[in-house]
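Visitor: I would like to take a close look at a single part of this chain, the four-stranded sheet if you agree, and to have its surroundings explained along the way.

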Amino acid sequence: QVQLVESGGGLVQAGGSLRLSCAASGSIISINAMGWYRQAPGKQREWVATITRAGSTHYADSVKGRFTISRDNADNTVYLQMTSLKPEDTFVYYCNADLLRVGVSGSRSYWGQGTQVTVSS
């Protein structure tokens, strides 16, 4: 069993900051890439940022320069520091991990339950 649990969402004014966390737990052998996605009601989930196990980062153009992804491999945790938030950043944010777990051949993709971020104007 593997769980990804997000925290840190909430309501913030435009221009403000939030830090999201996502902790992976369970029968994990190793975690490859970890990332963040976001989704509005009735819309497709969109990619936000990815970080490899080695620490290489990649960002969607819409968040580049404002969001920073990081991870703690010892704690199987990924973070998303969001600054200069805009109302258009209002979404449910989901973390994702590509990981290898006990009893399963090959790595698989796992998702958290999502955390709401609302940015007021």
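Before we turn to that sheet, how many helices and how many strands does the chain have?

Guide: In this predicted model, the chain has zero helices and eleven strands, and from the N terminus on its elements accordingly read β-β-β-β-β-β-β-β-β-β-β.

The part you ask about is an open sheet of four strands, which stand in the order β1-β3-β8-β7 with antiparallel pairing. Because β1 (2–7) and β7 (67–72) stand at the edges and each has a single partner strand, one side of each is left without a neighbour in the sheet. From one strand to the next, the twist averages 15°. As background, the strands of a sheet pair through backbone hydrogen bonds, either parallel or antiparallel.

Going across the sheet from the β1 edge, we first meet the pairing of β1 with β3 (residues 18–26), two strands that run antiparallel and are joined by six bridges; here Ser 7 stands opposite Ser 21 in β3. The next step leads from β3 to β8, again an antiparallel pair with six bridges, and in this pair Arg 19 has Gln 81 in β8 as its bridge partner. The last step joins β8 (residues 77–82) to β7, once more through six bridges and with the strands antiparallel, and there Arg 71 stands opposite Val 78 in β8.

Two residues in the loops on either side of β8 deserve a careful look at their backbone. In the loop between β7 and β8 lies Asn 76, which has a positive phi of about 55° although it is not a glycine. With a relative accessible area of 21%, Asn 76 counts as partly exposed, and the cut-off matters for this reading, because buried means under 20%. In the loop between β8 and β9 (91–101) lies Ser 84, whose phi is near 45°, a positive value in a residue other than glycine; Ser 84 is partly exposed too, with a relative accessible area of 40%. Both angles can be read against a general background: most residues other than glycine have a negative phi.

On the other side of β7 in sequence, the loop between β6 (57–59) and β7 holds Lys 64, a partly exposed residue with a relative accessible area of 49%. Lys 64 and Val 48 are 16 residues apart in sequence, and their C-alpha atoms are 9.1 Å apart in space.

A link from β7 to a strand outside the four-stranded sheet is offered by Thr 50, which has its place in strand β5 (residues 46–51). Leaving aside neighbours within four places in sequence, the residues in contact with Thr 50 include Ala 33, Met 34, His 58 and Ile 69. Thr 50 counts as buried at 18% relative accessibility, and its side chain is joined to that of Trp 47 by a polar contact of 2.6 Å.

Finally, to set the sheet within the whole, 40% of the 121 residues of the chain count as buried. Among contacts between residues at least 6 apart in sequence, 56% join residues at least 24 apart. The C-alpha atoms fill a box of roughly 50 × 30 × 20 Å along the principal axes, and the radius of gyration of 14 Å agrees with the value near 14 Å that a compact globule of 121 residues would have.

Definitions and conventions. Residues are numbered from 1 along each chain as its sequence is written. This is a predicted model: local features need pLDDT of at least 70, side-chain atom pairs count only at pLDDT 80 or more; totals for chains, interfaces and linings use all residues. Side-chain values use heavy atoms; hydrogens and water are left out. Two strands pair if DSSP finds at least two bridges between them. Axes are lines fitted to C-alpha atoms, for helices over the stretch in contact, and angles run from 0 to 180 degrees between N-to-C directions. The radius of gyration is taken over C-alpha atoms; the globule rule is 2.2 Å times the number of residues to the power 0.38. Buried means under 20% relative accessible area, exposed over 50%, partly exposed in between (1.4 Å probe, protein chains only). Contact means heavy atoms within 4.5 Å. A polar contact is a pair of N or O atoms within 3.5 Å; within protein, one must be able to donate a hydrogen and the other to accept it, and residues adjacent in sequence count only if both atoms are side-chain atoms.
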